[in-house]
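User: Please take a close look at a single part of this model, and follow its connections outward from there. I am new to this structure, so a plain walk through the packing would help.

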Amino acid sequence: MDFEFTEEQQMFRDTLREFLEKEFGAIVDKRDKQGPLSKEEAIDVMKKFKKVGVGLDPESIRTLTDPVIFGIIAEEVGRVWPSLLPLLGMGAIPALFVPVATDDVKDRLMPKLERGEFIGCFAETEPEAGCDTSNIKTTAKLEGDYYIVNGRKTWISNATIADAAFTGVKDASTGADTFILIDRESSPFETNELHKIGWKASPTGEIFFDNCKVHKDNEMSVLIQKTFEAGGLPVSEGYMKLLSTMSPATAMLTLPRAGMALASVGIAQAAFEKAIEYSKERVQFGKPIGKFQLIQEMLYKMNVLIETSRLLGYKAAHAIVSGSPEARKLSSMAKVYAGEAAVKVTYMAMQIFGGNGLSDEMPLERYFRDARMMTVPDGTSEIMKLITGYTILGKGFSAYA
Ligand SMILES: Cc1cc2nc3c(=O)[nH]c(=O)nc-3n(C[C@H](O)[C@H](O)[C@H](O)COP(=O)(O)OP(=O)(O)OC[C@H]3O[C@@H](n4cnc5c(N)ncnc54)[C@H](O)[C@@H]3O)c2cc1C
């Protein structure tokens with residue numbers, strides 16, 4: 001097994017790391033505390049990313065759909081400012097379908113996409129349908145050429161600033177679950193902000209659909225059909241294979257889950273590096289605390305957790321590259337393991353900093369709060385474990401179906 005980056009991937013990582021440090025390194029601690037980015041700030045961030053080839057427009061989006069490159073982006077953004085990840089990760093799903101949407105939607109959104117100004121969201125979770133997505137109550141009723149969408153979504157990343165929402169609905173006449181691309185300008189919906197302990201600068205909100213009218217050709221099966229006619233999604237061959245062998249929603253989630261694992265690695269790595277520095281500098285009992293065995297034991301544990309998480313994360317990314325049937329299990333395992341590892345690592349980093357670790361003047365508490373976020377969105381640890389169990393045991397062993 002060789003998870004070494006190619007020269008090209010290495011160069012991409014180095015450029016991205018330098019870019020992130022230069023653009024956000026100095027402002028992240030202060031700005032993150034101030035809460036959700038405004039739309040203007042989010043657009044400014046997206047435009048900056050576009051300069052290093054990372055974005056949602058049809059060309060740059062390949063960086064977000066190439067599993068290893070996306071893994072690198074997740075790890076590096078996680079290392080510097082995890083709050084920015086949903087802008088890229090959750091915006092990518094609607095962005096993939098904008099080029100095949102109805103003409104009016106395309107005309108409105110394509111220029112935004114191309115300028116790096118598009119913000120999208122993936123809206124599935126509802127107040128009564130969290131892990132149990134089969135229980136969604138948002139309905140889409142077909143009337144002539146239009147669906148009339150009614151319902152409420154919650155905990156949706158980017159909701160308050162999104163131009164479009166790729167929304168999970170139940171077809172009112174067939175009862176089948178599907179997704180609809182909803183452009184906010186032509187099919188208005190209301191939102192409000194939710195607040196949370198970590199990812200403070202990432203806007204998260206509820207969405208309210210009240211007789212929201214959307215053309216029937218913005219429904220997922222039509223969009224996928226049109227995508228195939230246009231030559232397929234701009235994704236790697238293996239990822240495409242997964243999309244055609246699993247339910248599209250299940251296949252689509254393999255990549256964000258591997259990404260969440262590697263973002264957790266990034267957060268843990270940042271905390272680990274700070275802990276190493278402090279262990280060398282801080283003197284107690286006449287010597288640097290790094291000379292104490294219990295501190296070294298914590299550094300050992302942190303390093304092992306990070307290395308194993310990184311291996312699992314990139315193994316999942318490679319499984320998506322090859323379209324392996326193991327991809328779903330590996331991305332689930334990686335997400336739960338790395339998310340929980342990041343909580344442990346950031347806890348230990350705070351401990352090494354003693355009182356300073358608990359200060360809100362230091363980034364340690366932000367690492368800890370951001371790490372704590374990683375075990376819920378994109379699939380809770382419990383559901384990730386159940387997917388793993390089911391995949392190991394096979395048909396008939398789903399714990400919740
Ligand atoms: C910051 C943030 C951003 C988010 N972004 C998005 C987004 O962009 N789009 C979106 O659609 N959603 C998003 N979510 C929602 C997220 O996906 C859900 O919170 C998650 O799926 C869990 O749903 P829930 O919160 O309703 O918990 P519940 O489903 O109520 O679960 C509560 C607890 O029960 C456990 N549990 C549930 N069922 C089982 C079972 N069968 N066996 C064992 N344990 C079980 C869960 O693991 C959890 O511990 C986001 C959430 C957060 C916090």
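Analyst: Helix 12 and helix 13 are roughly antiparallel to each other, because their axes cross at roughly 165° and angles over 145 degrees count as roughly antiparallel. The model is predicted. Helix 12 covers residues 327-352 and helix 13 covers residues 364-372, and their axes come within 8 Å. The handedness of this crossing is left-handed. On the helix 12 side, the contact is made by Ala342, Val343, Thr346, Tyr347, Ala349 and Met350. Helix 13 answers with Leu364, Glu365, Tyr367, Phe368, Ala371 and Arg372. Sorted by class, the contact of helix 12 with helix 13 has nine nonpolar residues, one polar residue and two charged residues.

Helix 12 also packs against helix 14. Here the axes come within 9 Å and cross at roughly 145°. This crossing, too, is left-handed. Helix 12 contributes Arg328, Lys329, Ser332, Met333, Lys335, Val336, Gly339 and Glu340 to the contact. From helix 14 come Ser381, Met384, Lys385, Ile387, Thr388 and Thr391. The residues of the contact of helix 12 with helix 14 divide into four nonpolar, five polar and five charged.

Helix 14 leads on to the ligand. Helix 14 (381-393), strand 1 (120-123) and strand 3 each supply at least two residues of the shell around the ligand. That shell has 22 residues, and the closest are Glu124, Gly130, Cys131, Thr380 and Glu382. By class, the shell holds 14 nonpolar, five polar and three charged residues.

Strand 3, which supplies part of that shell, is also paired with other strands. Strand 3 spans residues 146-157 and runs antiparallel to strand 2 (residues 139-143), with five bridges joining the two. In this pairing, Leu142 stands opposite Tyr147 of strand 3. The two strands form a hairpin with two residues between them, and Gly144 in the turn has a positive phi of about 65°. Strand 3 is further joined to strand 7 (residues 204-215) by nine bridges, and these two strands run antiparallel. One pair here is Val149 with Cys212, its bridge partner in strand 7.

Strand 2 has a further pairing, with strand 4 (residues 164-171): two bridges join them, and they run parallel. Thr139 stands opposite Lys170 in strand 4.

For comparison with the helix pairs above, consider another one. Helix 1 (residues 7-25) and helix 5 (residues 67-80) have axes that come within 10 Å and cross at roughly 30°. Helix 1 and helix 5 are therefore roughly parallel to each other, as angles under 35 degrees count as roughly parallel. Helix 1 passes helix 5 in a right-handed crossing. The contact involves Gln9, Phe12, Arg13, Leu16, Arg17, Leu20, Glu21, Phe24 and Gly25 of helix 1. Facing them in helix 5 are Val68, Ile69, Ile72, Ile73, Glu76, Val77 and Val80. Ten of the residues in the contact of helix 1 with helix 5 are nonpolar, two are polar and four are charged.

Note on methods: Residues are numbered from 1 along each chain as its sequence is written. This is a predicted model: local features need pLDDT of at least 70, side-chain atom pairs count only at pLDDT 80 or more; totals for chains, interfaces and linings use all residues. Axes are lines fitted to C-alpha atoms, for helices over the stretch in contact, and angles run from 0 to 180 degrees between N-to-C directions. Helices (H or I, at least four residues) and strands (E, at least two) are DSSP runs, numbered from the N terminus. Angles under 35 degrees count as roughly parallel, over 145 as roughly antiparallel, 65 to 115 as roughly perpendicular and the rest as oblique. A crossing is left-handed if the near helix is turned anticlockwise from the far one by less than a right angle, and right-handed if clockwise. Two residues are in contact if their C-beta atoms, placed from the backbone, lie within 7 Å. Ala, Val, Leu, Ile, Met, Phe, Trp, Tyr, Cys and Pro count as nonpolar, Asp, Glu, Lys and Arg as charged, and the others, Gly among them, as polar. Two strands pair if DSSP finds at least two bridges between them. A residue is near a molecule or strand if its C-beta atom, placed from the backbone, lies within 6 Å of it.
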